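Biologist: Please choose one part of this model and examine closely how it packs against its surroundings. A connected account, suitable for a first-year student, would be most welcome.

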Amino acid sequence: MPIPVAASDTISTLEAIGLGIVQGLTEFLPISSTAHLRLVPAFAGWNDPGTAFTAVVQLGTMAAVLLYFRHDLWNMTRALLHTLTGDRPLWRTQDIDGKLGWYIVLGTIPIVILGVPILDAVWSF
């Protein structure tokens, strides 16, 4: 059964499965999985799946990662919140999950500082 991608294009279920496998194999390698989702159809003679298909496939990858690491993420979140009320607050905790949680928070700050001011420019591009 063809999968509608845009008003004029569709891709077959086999193509969608193939592109899903390509996404799964290339997402965690230091290569562009998005480029591979463009190159594979070009070399195979398939229709371009489009941006919406690529976004959905990448959301699927993100969902799989969140599901796989759900216990680690839960432990990290609990430890991070515990550092706010514990006897060794914030990043001075000895709990590795708490420290990792704080490192993620601290690592997110630069992208917020740099990203928020240019948000309008990105959306208008």
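Modeller: An axis, as the word is used here, is a line fitted to C-alpha atoms, for a helix over the stretch in contact, and the angle between two axes runs from 0 to 180 degrees between their N-to-C directions. The model is a predicted one, and the part I have chosen is helix 1, which spans residues 13-26.

A short view of the whole chain comes before the detail. The chain contains 6 helices and 2 strands, and from the N terminus onward the order of these elements is β-β-α-α-α-α-α-α. Of its 125 residues, 18% count as buried. When contacts between residues at least 6 apart in sequence are considered, 33% of them join residues at least 24 apart.

Let us begin with the packing of helix 1 against helix 3, which covers residues 50-68. The two axes are 10 Å apart, and the helices pack at an angle of about 50°. Helix 1 is therefore oblique to helix 3. Their crossing is right-handed. On the side of helix 1, the residues that take part are Ala16, Leu19 and Gln23, and they meet Phe53, Val57, Gln58 and Thr61 of helix 3. Sorted by class, the residues of this contact comprise 4 nonpolar and 3 polar, with no charged residue.

Helix 1 also packs against helix 2, formed by residues 33-44, where the axes come within 9 Å and cross at roughly 145°. This crossing, too, is right-handed. Here helix 1 supplies Leu19, Val22, Gln23 and Thr26, while helix 2 supplies Ser33, His36, Leu37, Val40 and Pro41. The contact consists of 5 nonpolar and 4 polar residues, and again no charged residue is present. Leu19 and Gln23 thus belong to the contact with helix 2 as well as to the contact with helix 3.

One residue of helix 2 deserves a closer look. Ser33 lies in that helix and counts as buried because its relative accessibility is 7%, whereas the cut-off for a buried residue is under 20%. Leaving aside residues up to four places away in sequence, Ser33 touches Gln23, Thr26, Glu27 and Gln58. Gln23 and Thr26 are among the residues through which helix 1 meets helix 2, and Gln58 is one of the residues of helix 3 that meet helix 1.

We may now turn to the nonpolar interior. The largest nonpolar core is made of 7 residues, namely Ile11, Ala16, Leu19, Val22, Leu37, Phe53 and Val57. Helix 1 and helix 3 are the elements that give two or more residues to this core, and helix 1 gives the most, with 3 residues. Phe53, one of the core residues, is situated in helix 3. Phe53 counts as buried because its relative accessibility is 14%. Although Phe53 and Gly20 are separated by 33 residues in sequence, their C-alpha atoms are 10.0 Å apart in space.

For comparison, consider another pair of helices. Helix 4 (residues 70-85) and helix 5 (residues 96-115) have axes 7 Å apart and pack at an angle of about 90°. Helix 4 is therefore roughly perpendicular to helix 5. Among the residues in this contact are Met76 and Leu80 of helix 4, together with Trp102 and Ile104 of helix 5. The contact as a whole divides into 8 nonpolar, 4 polar and 1 charged residue.

Terms used:
Residues are numbered from 1 along each chain as its sequence is written. This is a predicted model: local features need pLDDT of at least 70, side-chain atom pairs count only at pLDDT 80 or more; totals for chains, interfaces and linings use all residues. Side-chain values use heavy atoms; hydrogens and water are left out. Helices (H or I, at least four residues) and strands (E, at least two) are DSSP runs, numbered from the N terminus. Angles under 35 degrees count as roughly parallel, over 145 as roughly antiparallel, 65 to 115 as roughly perpendicular and the rest as oblique. Contact means heavy atoms within 4.5 Å. Ala, Val, Leu, Ile, Met, Phe, Trp, Tyr, Cys and Pro count as nonpolar, Asp, Glu, Lys and Arg as charged, and the others, Gly among them, as polar. A crossing is left-handed if the near helix is turned anticlockwise from the far one by less than a right angle, and right-handed if clockwise. A nonpolar core is a set of buried Ala, Val, Leu, Ile, Met, Phe, Trp, Tyr and Cys residues joined through side-chain atoms within 4.5 Å. Buried means under 20% relative accessible area, exposed over 50%, partly exposed in between (1.4 Å probe, protein chains only).
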